[in-house]
Amino acid sequence: MMDFITSHGLDIITTVLGLVYILLEYRASIYLWLIGIVMPALDIWLYWGHGLYGDAGMAAYYTVAAVYGYAVWKFGKKHNQKAEEELPITRMRKSLYLPATVFFLVAWGLTYYILATYTNSTVPLLDGFTNALSFVGLWALARKYIEQWFFWIIVDVVCCYLYIVKGIPFKAGLYGLYVIIAVAGYFKWKKMIKQ
């Protein structure tokens, strides 16, 4: 039992932090960003050790982006937002769909190329896909766009599969749970928009 815990300790710790993170995201709590700094910093180590170099790079990005997300939620403003009102949940403007899609495709292509060319990754296509879509998802979350949940549902399904394949069972289970919570989160945020 101790050998199992020792060999999966980092996986277990980051999974627990991931549960806290997603629950805070579900509640639209600004504190999600604090967990969002610690958890991915630990994930860098976890993913690198399992040959998920794209995910390790993404975790480094998440760590830095969490600082940005916190600042936007704390100090950011949207059109028609009242002076002391917190950043509201809104829908993405239709004019953002094309740039977000182009960015995703370019990021996917570049990430795939880097992983396939410069690493020994055995899953560069899917690893690159989840990384590119995560860039878009994290940006949408930082802006409090409800569509962020759709991006995360796709990322979470693919990551769950990747983590099973790569032997990271707790993280795989976490991402399976993320899918369920992301669906519930979408409906929760949809209600919060109307309030």
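**Exercise 1. A buried acid in helix α6**

Identify the nearest side chain of opposite charge to the buried Asp-156, and determine which residues distant in sequence surround Asp-156.

*Solution.* The structure is a predicted model.
- Step 1: Asp-156 is buried and takes part in no salt bridge. The nearest side chain of opposite charge belongs to Lys-171, 10 Å away.
- Step 2: A salt bridge requires a side-chain nitrogen of Lys or Arg within 4 Å of a carboxyl oxygen of Asp or Glu, and Asp-156 accordingly has none.
- Step 3: Asp-156 belongs to helix α6. Once its neighbours within four places in sequence are set aside, Asp-156 is in contact with Tyr-175, Tyr-178, Val-179 and Ala-182.

**Exercise 2. A buried acid in helix α1**

Locate Glu-25 in the secondary structure, and establish which side chain offers Glu-25 a polar contact.

*Solution.*
- Step 1: Glu-25 is part of helix α1, which comprises residues 2-26.
- Step 2: Glu-25 is buried without a salt bridge, and Lys-144, the nearest side chain of opposite charge, is 11 Å away.
- Step 3: A polar contact of 3.2 Å joins the side chains of Glu-25 and Gln-148.
- Step 4: Apart from neighbours within four places in sequence, the contacts of Glu-25 are Leu-32, Leu-141, Gln-148, Trp-149, Trp-152 and Trp-189.

**Exercise 3. The salt bridges**

State how many salt bridges the structure holds, and describe the pair formed by Asp-43.

*Solution.*
- Step 1: The structure holds 2 salt bridges.
- Step 2: In one of them, Asp-43 pairs with Lys-171, with 2.9 Å between the closest N and O atoms. Asp-43 is in helix α2 (residues 32-49) and Lys-171 in helix α7 (residues 169-194), so this pair ties together parts 128 residues apart in sequence.
- Step 3: Both Asp-43 and Lys-171 are buried.
- Step 4: Lys-144 and Glu-86 also meet in a salt bridge through their side chains, at 3.4 Å from N to O. Lys-144 lies in the loop between α5 (124-142) and α6 (148-165), and Glu-86 in the loop between α3 (53-75) and α4 (97-118), so the pair ties together parts that are 58 residues apart in sequence.

**Exercise 4. Accessibility and backbone geometry of Lys-144**

Classify Lys-144 and its partner Glu-86 as buried or exposed, and give the sign of phi at Lys-144.

*Solution.*
- Step 1: The cut-offs are under 20% relative accessible area for buried and over 50% for exposed.
- Step 2: Lys-144 has a relative accessible area of 3% and is therefore buried.
- Step 3: Glu-86 has a relative accessibility of 56% and is therefore exposed.
- Step 4: Lys-144 has a positive phi of about 60°, although it is not a glycine.
- Step 5: Ala-28, likewise not a glycine, also has a positive phi of about 60°. Ala-28 is in the loop between α1 and α2 and is buried, with a relative accessible area of 10%.

**Exercise 5. The surroundings of Asp-11**

Determine how accessible Asp-11 is, and find the polar atom of Lys-171 that lies 2.9 Å from its side chain.

*Solution.*
- Step 1: Asp-11 is in helix α1 and is buried, with a relative accessible area of 2%.
- Step 2: Residues up to four places away in sequence are not counted; Asp-11 then touches Leu-46, Ile-168, Pro-169, Phe-170 and Lys-171.
- Step 3: The backbone nitrogen of Lys-171 is 2.9 Å from a polar atom of the Asp-11 side chain. The side chain of Lys-171 forms the salt bridge with Asp-43.

**Exercise 6. Packing of Ile-35**

Decide whether Ile-35 is buried or exposed, and list its contacts beyond four places in sequence.

*Solution.*
- Step 1: Ile-35 is a residue of helix α2. Its relative accessibility is 18%, so Ile-35 counts as buried.
- Step 2: The contacts are Leu-17, Val-20, Tyr-21, Leu-24 and Pro-40.
- Step 3: Ile-35 and Leu-24 are 11 residues apart along the chain, and their C-alpha atoms are separated by 9.1 Å.

**Exercise 7. Domains and annotated spans**

Give the domain bounds, the extent of contact between the domains, and the helix content of residues 31-48 and 96-115.

*Solution.*
- Step 1: The domain assignment gives domain 1 (1-78) and domain 2 (89-194), with 14 Å between their centres, taken over C-alpha atoms.
- Step 2: 36 residues of domain 1 are in contact with 38 residues of domain 2.
- Step 3: The unreviewed UniProt entry annotates "transmembrane region" for several spans, among them 31-48 and 96-115.
- Step 4: Residues 31-48 are 94% helix and 0% strand, and their end C-alpha atoms lie 27 Å apart. For residues 96-115, the values are 95% helix, 0% strand and 28 Å.

Notes:
Residues are numbered from 1 along each chain as its sequence is written. This is a predicted model: local features need pLDDT of at least 70, side-chain atom pairs count only at pLDDT 80 or more; totals for chains, interfaces and linings use all residues. Side-chain values use heavy atoms; hydrogens and water are left out. Helices (H or I, at least four residues) and strands (E, at least two) are DSSP runs, numbered from the N terminus. Buried means under 20% relative accessible area, exposed over 50%, partly exposed in between (1.4 Å probe, protein chains only). Lys and Arg count as positive and Asp and Glu as negative; His and the chain ends are not counted. A polar contact is a pair of N or O atoms within 3.5 Å; within protein, one must be able to donate a hydrogen and the other to accept it, and residues adjacent in sequence count only if both atoms are side-chain atoms. Contact means heavy atoms within 4.5 Å. UniProt positions are given in the numbering used here, feature names are shortened, and annotations may be inferred rather than shown by experiment. Domain bounds come from an automatic or database domain assignment.
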